[in-house]
Amino acid sequence: MNIMDFNVKKLAADAGTFLSRAVQFTEEKLGQAEKTELDAHLENLLSKAECTKIWTEKIMKQTEVLLQPNPNARIEEFVYEKLDRKAPTRINNPELLGQYMIDAGTEFGPGTAYGNALIKCGETQKRIGTADRELIQTSALNFLTPLRNFIEGDYKTIAKERKLLQNKRLDLDAAKTRLKKAKAAETRASSEQELRITQSEFDRQAEITRLLLEGISSTHAHHLRCLNDFVEAQMTYYAQCYQYMLDLQKQLGSFPSSYHCNNNQTPVAPIPSASSNVIGSSALTSTSGLVIASPSNLIDLKECSGSRKARVLYDYDAANSSELSLLADEVITVFSVVGMDSDWLMGERGNQKGRVPITYLELLN
């Protein structure tokens with residue numbers, strides 16, 4: 001027998017097996033043939049493996065979205081990974097924002113309050129960008145890669161063996177059907193022999209599949225360790241960002257700023273630079289981290305019902321209609337109103353009247 005004859009016979013046998021399986025499968029769907037059920041333990045293992053695969057894919061894809069929100073960038077990284085090439089380093093959003101801030105601050109002038117603050121904010125944003133890059137690299141290595149290895153490796157092997165098990169079951173049930181239909185003694189003997197072989201092959205494949213599926217518990221334990229690594233990477237990242245912002249807040253403490261609450265909350269007075277001439281030169285720090293002025297030289301004004309003149313130290317834009325916008329160096333009349341928050345006074349300029357933050361004022365004698 002030459003190689004060509006052998007290949008022809010093998011193809012004919014494979015075609016016959018495929019046709020037998022197709023007939024058995026169709027008759028099962030139509031309720032015209034019996035189906036061998038897998039034992040409950042094996043069914044539970046198969047269900048657990050399928051559930052693990054589905055949720056691992058969802059977690060993996062959403063983690064990729066979290067780490068890299070830009071879909072085009074994710075596609076580019078995927079292509080480079082498939083080509084086994086390193087993706088080019090691209091500037092991330094915090095780094096880009098930081099560079100813009102630094103460039104703007106340089107143009108406005110590092111000697112100006114706004115320019116200096118922009119440069120400091122830009123440097124902090126670039127540090128956050130670096131921390132963000134480290135988070136992505138660590139998470140990809142310690143969390144995403146193990147999940148992807150399971151989907152593309154272990155689960156593909158499980159799926160392959162599961163398909164083989166399905167084919168062996170179809171062969172077994174097809175052999176049972178032929179045995180039932182056999183009438184002649186010679187035909188029954190042949191069918192019984194075929195049934196013993198298919199039963200043996202089915203049992204062997206069921207055992208192989210079961211052993212693979214029992215490894216899912218080890219997979220869960222491994223993924224748990226990877227999850228802990230991911231949480232630790234996030235914890236490090238957020239701790240770094242928090243520290244960077246704390247440092248930035250301290251650096252910006254000498255710059256005037258404003259803070260506006262929501263309309264349904266009690267407004268907090270904006271915080272300008274503290275100096276010996278500013279109302280409330282002593283300060284307290286609130287639990288939210290904001291520096292709130294504690295006016296020591298407004299006691300007389302608060303206790304009396306009269307009004308005083310005050311010079312405006314910094315520009316201030318009113319947050320709503322109850323407040324009065326201010327221009328630096330203008331002189332306005334201020335007075336206290338019973339029940340008003342201690343960080344605010346009532347200001348008056350001609351026919352205009354509204355609440356003003358005390359930290360933006362300097363009382364005149």
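In this predicted model, E57 has a relative accessible area of 22% and is therefore partly exposed. E57 forms a salt bridge with K53, and the closest N and O atoms of the two are 3.6 Å apart. K53 has a relative accessibility of 21%, so K53 also counts as partly exposed. Both values lie just above the limit, because buried means under 20% relative accessible area. E57 and K53 are four residues apart in helix α2, which means that about one helical turn separates them.

Helix α2 covers residues 40–67 and also holds W55. The relative accessibility of W55 is 49%, so W55 counts as partly exposed; exposed would require over 50%. Together with I54 and I59, W55 makes a nonpolar surface patch of about 290 Å².

A further salt bridge leads from helix α2 to another part of the chain. R148 pairs with E64, and their closest N and O atoms are 2.5 Å apart. Here the partners come from distant parts of the chain: E64 belongs to helix α2 and R148 to helix α5, which spans residues 113–181, and the two positions lie 84 residues apart in sequence numbering. The two ends of this pair fall into separate accessibility classes. R148, at 16% relative accessibility, counts as buried, whereas E64, at 23%, counts as partly exposed.

Helix α5 takes part in another such link through R133. R133 forms a salt bridge with E95, with 2.4 Å between the closest N and O atoms. E95 lies in helix α4 (residues 93–108) and R133 in helix α5, so this pair ties together parts that are 38 residues apart in sequence. In this pair the arginine is the partly exposed partner, because R133 has a relative accessible area of 24%. E95 has a relative accessibility of 11% and therefore counts as buried.

The salt bridges described so far join residues in pairs, but E207, R210 and E214 are linked in a network of salt bridges. The structure holds 14 salt bridges.

What does a buried position in helix α5 have around it? S139 is found in this helix, and its relative accessible area is 1%, so S139 is buried. Neighbours within four places in sequence set aside, the residues in contact with S139 are L67, L144, F230 and A233. One of these contacts, L67, is the last residue in the range 40–67 given for helix α2.

The UniProt record, an unreviewed entry, carries the annotation "coiled-coil region" for residues 158–192. What does the model show over residues 158–192? The chain there is 91% helix and 0% strand. The C-alpha atoms at the ends of this stretch are 31 Å apart. Helix α5, with its range of residues 113–181, overlaps the annotated range.

Next come the cysteines. How many disulfides are there? The count comes to zero, where a disulfide is a pair of cysteine sulfur atoms within 2.5 Å. C51 has a relative accessibility of 38%, so C51 counts as partly exposed. C226 has a relative accessibility of 4% and therefore counts as buried.

Towards the end of the chain, Y314 lies in the loop between strands β3 (307–312) and β4 (331–335). With 21% relative accessibility, Y314 counts as partly exposed, because the partly exposed class begins at 20%. Y314 and T359 are 45 residues apart in sequence, and their C-alpha atoms are 9.3 Å apart in space.

The remaining values describe the whole chain. There are eight helices and seven strands in the protein chain. The chain has 365 residues, of which 34% count as buried. About 22,800 Å² of the protein chain is exposed, and carbon and sulfur atoms supply 55% of this area. Among the contacts with a separation of 6 or more, 63% are between residues 24 or more positions apart. The pairing of R148 with E64, 84 residues apart, links distant parts of the chain, and the pairing of R133 with E95 spans 38 residues in sequence.

Technical notes: Residues are numbered from 1 along each chain as its sequence is written. This is a predicted model: local features need pLDDT of at least 70, side-chain atom pairs count only at pLDDT 80 or more; totals for chains, interfaces and linings use all residues. Side-chain values use heavy atoms; hydrogens and water are left out. UniProt positions are given in the numbering used here, feature names are shortened, and annotations may be inferred rather than shown by experiment. Patches are made of residues with over 30% relative accessible area and no salt bridge: like charges are joined within 9 Å, nonpolar side chains (Val, Leu, Ile, Met, Phe, Trp, Tyr) within 5 Å. Accessible areas come from the Shrake-Rupley method with a 1.4 Å probe; for residues, only the protein chains shown count as cover. A salt bridge is a side-chain nitrogen of Lys or Arg within 4 Å of a carboxyl oxygen of Asp or Glu. Buried means under 20% relative accessible area, exposed over 50%, partly exposed in between (1.4 Å probe, protein chains only). Contact means heavy atoms within 4.5 Å.
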